[in-house]
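Colleague: Please take one part of this model and look at it closely, working from its local turns out to its contacts. I would like a single connected account rather than a list.

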Amino acid sequence: MSRPMLLRGGRVIDPSQKLDERLDLLLADGRVARLGRDLEVPEGAELVTVDGLVVAPGLVDLHVHFREPGEEHKETIRSGAQAAVAGGFTSVCAMPNTDPPIDDPAAVSFVRAEGQRAGFAHVYPVGAVSVGQKGEEMTEIGELVAAGAVAVSDDGHPVWNAGLMRRALEYTKAFDIPVFSHSEELGLTGHGVMNEGPVSTVLGLRGIPNAAEDVAVARDCIIAELTGGQLHIQHVSTRGAVEIIGAAKARGVSVSAEVTPHHLALTDEAVRGYRTEAKVKPPLRSTADVTAVRDALLAGVIDCIATDHAPHHYEDKEREFDDAPFGLIGVETALGVCIRELVVSGHLDLSELINRLSCRPAQIARLPAGTLAEGSPADVVVFDPEARWTCRPNEFYSLSRNTPFAGQELVGRVVMTIVDGRSVFARGADH
Amino acid sequence: MTARVTFGKDLTDLEGLSADQIRTILDVAEPFKEISERPIKKVPALRGKTIVNLFYEPSTRTRVSFEFAEKRLSADTVNISGVGSSVQKGESLVDTARNLEAMRIDMVVVRHGSSGAAQFLADRIPSNVINGGDGQHEHPTQGLLDMLTIRDHLGSIEGRRVCIVGDILHSRVARSNIWGLLKLGAEVAVCGPPTLIPPGIEALGVGVLKRVEEAIEWAEVLNVLRLQLERMEAGYIPSLREYNRFFGISVARLEKAPRDILILHPGPMNRGVEIDSHVADGPHSVILQQVTNGVAVRMAVLYLLAGGRPERAEAAKKESRE
Ligand SMILES: [Zn+2]
């Protein structure tokens with residue numbers, strides 16, 4: 001067990017307790033021991049002075065791809081979890097589209113164990129909805145939950161069969177877990193590689209219309225209403241999906257939604273020059289869509305921010321746009337992008353941003369995270385909300401470099417990340 | 001005068017060219033046209049330069065046109081295409097780029113099935129890169145030769161009404177025509193089955209005509225695109241027969257035109273599908289002249305990218321010593 005730690009003089013922002021004030025935070029035995037003014041340093045405790053820095057519950061990412069097993073050259077559970085804590089995330093949900101997919105209890109246990117062995121962020125496995133993620137036969141969801149899965153998803157692919165989605169949303173009710181849905185109608189995606197619109201027309205690249213997402217989100221919301229299951233829509237990118245989710249919520253349907261930092265920050269203009277690092281699913285959309293997802297986040301129609309961290313090897317992205325894989329990485333840039341795009345611009349205040357990056361996602365997946373209430377796990381992020389820094393992919397802990405934010409100035413930087421009361425990341429003064 | 005107009009390293013698209021640059025290319029092509037009429041069709045303008053014609057997609061037409069242009073300027077040329085070459089063996093474009101760089105090639109003409117491939121190469125090698133058609137993006141020299149042909153017949157591009165007919169969605173020829181014609185002040189419309197009209201095309205400043213009869217009523221020039229058989233297989237249109245019935249350019253349709261219409265086609269033609277033989281071989285067709293102009297325009301592009309001065313093109317032509 002690590003030494004107790006006292007974080008002194010920070011601006012503690014904990015939306016779960018509606019706190020935003022200068023307080024000291026004492027961590028002991030892997031838990032939050034005390035939160036208060038002018039706390040004494042207990043015998044043997046480590047004193048960390050965090051004047052001028054924000055102290056918040058560790059960030060929670062409902063959507064990462066750590067590629068292990070099967071594609072360890074892109075990312076491993078260890079490298080991904082280390083990248084996560086460097087970005088301030090103390091809990092992450094690992095998607096099951098590995099090779100083989102996480103569709104049986106042994107695979108779920110493997111992901112959990114690797115996460116624990118790495119000792120950085122908590123890595124919560126998400127099990128597959130269907131065996132082999134083939135969209136046909138439901139996995140043994142109960143067994144997956146017993147082994148540690150916190151949700152099921154066929155992410156990487158949609159659950160194309162509406163009947164299977166119905167069964168999954170019904171069956172998961174027995175285990176109180178959400179179904180995470182990558183909602184996409186493949187018949188409308190076709191061979192599309194970017195957002196369909198004026199930019200795709202100019203570049204001569206095949207487009208993916210907003211309707212590919214809207215249709216699938218509508219279908220999933222209707223099935224959630226039918227079943228009463230807990231639906232979570234992943235990576236919302238369109239104004240149409242926002243409207244559909246808003247309407248479903250207004251009817252009392254149990255649906256939540258996430259948006260990625262890149263869909264909050266970038267439009268399809270980022271693809272110009274055939275930039276494969278901006279090739280992602282769902283695709284970067286139009287300005288009207290970016291405005292809509294930002295407004296929806298503000299209004300609470302979109303509940304939280306998740307990165308969809310999707311590492312790809314350099315050589316896979318260094319090629320013709322049509323042939324490059326979809327996906328970009330995000331755990332090390334999320335906070336800096338979100339503060340720049342949402343806080344500096346006045347969309348959200350810092351407290352609300354932390355709510356959407358920590359408290360809300362923790363609630364959706366029922367994770368023991370997202371709060372600094374006394375007695376809760378000592379998962380903490382300390383960051384400088386004003387620090388401006390240049391995104392340099394060669395400094396990432398991730399094994400991959402595929403980010404569209406390379407070279408850009410981001411605002412807000414993690415100084416220290418604590419998991420279970422242990423400092424698992426600290427940025428030196430030189431960084 | 002056009003003497004101050006300069007060019008970048010590459011020609012990847014017409015989107016990025018200015019009206020002056022386009023006019024300069026067309027003007028420089030004029031003196032080169034005549035070389036093709038001579039018994040000895042050669043000038044030394046590019047003597048000592050090595051040019052690779054890198055064709056990932058089969059295209060006899062464009063490759064031969066470039067090759068003629070290169071040879072008439074006295075360049076040393078190598079063709080890489082077809083069975084057994086590295087491009088067929090699945091060598092990646094980035095490796096090909098590295099190899100070309102190592103071989104110190106002066107210029108590369110690239111034809112590739114993926115949009116952006118020419119830009120990809122241009123960004124990675126010091127050689128001049130000329131886009132010979134990339135996926136569904138652009139085919140700039142085709143756009144230029146179409147404009148040269150229109151200018152030959154109508155005297156100017158400005159104010160002319162040009163309609164591009166057919167599969168606009170998948171056409172690099174359409175995109176290069178649109179950019180080039182708009183920059184030179186033409187009015188441009190597109191016409192075709194709605195499944196083959198790209199979304200958002202109006203944003204470029206292009207009109208969309210629903211029926212080919214409207215196009216014939218409106219246009220002074222029809223640029224008729226080749227309809228690929230794959231479009232039917234992919235479900236964009238129900239059949240070639242139906243396409244011909246509703247979108248094919250026939251004599252009967254053209255007879256209803258209020259004026260003579262210039263007919264262009266980038267080739268190769270599907271006679272009886274997008275264009276009837278009597279139209280293709282008829283008095284208003286300039287399809288063969290497009291082929292002739294293709295060589296002249298490509299000579300102009302090669303000459304200018306190699307650093308040739310526009311005002312010296314006429315003189316370069318006369319330097320023939322062979
Ligand atoms: Zn997804």
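Modeller: Two strands are taken to pair if DSSP finds at least two bridges between them, and that criterion underlies much of what follows. The model is predicted, and the part I have chosen is chain A, beginning with its hairpins.

By that criterion β2(A) and strand β3 (residues 31-36) of chain A pair in the antiparallel sense, with five bridges between them. Ala28(A) has Arg31(A) of β3(A) standing opposite, and in the hairpin that these two strands make, with two residues between the strands, Asp29(A) adopts a positive phi near 55°. On its other pairing, β2(A) is joined to β1(A) by eight bridges, again with the strands running antiparallel. There the bridge partner of Asp14(A) in β2(A) is Leu19(A), and the hairpin has four residues between its strands. Lys18(A) lies in the loop between β1 (5-14) and β2 (19-28) of chain A, and although this residue is not a glycine, its phi is positive, at about 55°.

A further hairpin is found much later in the numbering, where strand β17 (residues 409-419) and strand β18 (residues 422-426) of chain A pair in the antiparallel sense over four bridges. Val419(A) has Arg422(A) in β18(A) as its bridge partner, and Asp420(A), in this hairpin with two residues between the strands, takes a positive phi near 50°.

From the hairpins I turn to the parallel sheet of the chain. Eight strands of chain A form an open sheet in the order β6-β7-β8-β9-β10-β13-β14-β15, and their pairing is parallel. Because β6 (59-64) and β15 (304-305) of chain A stand at the edges with a single partner strand each, one side of each is left without a neighbour in the sheet. Within this order, strand β13 (residues 231-233) and strand β14 (residues 255-259) of chain A run parallel and are joined by three bridges, with Ser256(A) in β14(A) serving as the bridge partner of His232(A).

Helices lie across strands of this sheet at more than one place. Helix α2 (residues 105-118) of chain A lies across β7 (89-94) and β8 (122-127) of chain A, at about 170° to β8(A). Helix α7 (residues 211-227) of chain A lies across β10 (179-181), β13 and β14 of chain A, and it runs at about 165° to β13(A).

The loop between α9 and α10 of chain A deserves a separate remark, since Pro282(A) has its place there, and the peptide bond that joins Lys281(A) to Pro282(A) is cis, with omega about -15°. The same loop also leads to the partner chain. Arg272(A) and Glu15(B) meet through their side chains in a salt bridge of 3.7 Å, N to O; this pair crosses between chains, from the segment before α1 (19-35) of chain B, where Glu15(B) lies, to the loop between α9 (261-265) and α10 (287-299) of chain A, which holds Arg272(A).

As for the contact as a whole, chain A contributes 17 residues and chain B contributes 22 residues. The two chains bury about 1500 Å² between them, 53% of it on carbon and sulfur atoms, and of the area that chain A buries against chain B, 37% is supplied by Thr201(A), Val202(A) and Glu320(A), more than by any other three residues.

Side chains of opposite charge can pair when their charged atoms come close. Between chain A and chain B the count is two salt bridges, and one that involves Glu318(A) is formed with Arg124(B), the closest N and O atoms being 2.7 Å apart. Across this interface there are also seven residue pairs in polar contact, both residues being at pLDDT 80 or more. Sorted by class, the side of chain A that touches chain B consists of eight charged, six nonpolar and three polar residues.

Terms used: Residues are numbered from 1 along each chain as its sequence is written. Chains are lettered from A and ligands numbered from 1 in the order in which they are written. This is a predicted model: local features need pLDDT of at least 70, side-chain atom pairs count only at pLDDT 80 or more; totals for chains, interfaces and linings use all residues. Side-chain values use heavy atoms; hydrogens and water are left out. Contact means heavy atoms within 4.5 Å. Buried area is the accessible area (1.4 Å probe) that two parts lose on being put together, summed over both. A salt bridge is a side-chain nitrogen of Lys or Arg within 4 Å of a carboxyl oxygen of Asp or Glu. A polar contact is a pair of N or O atoms within 3.5 Å; within protein, one must be able to donate a hydrogen and the other to accept it, and residues adjacent in sequence count only if both atoms are side-chain atoms. Ala, Val, Leu, Ile, Met, Phe, Trp, Tyr, Cys and Pro count as nonpolar, Asp, Glu, Lys and Arg as charged, and the others, Gly among them, as polar. Axes are lines fitted to C-alpha atoms, for helices over the stretch in contact, and angles run from 0 to 180 degrees between N-to-C directions.
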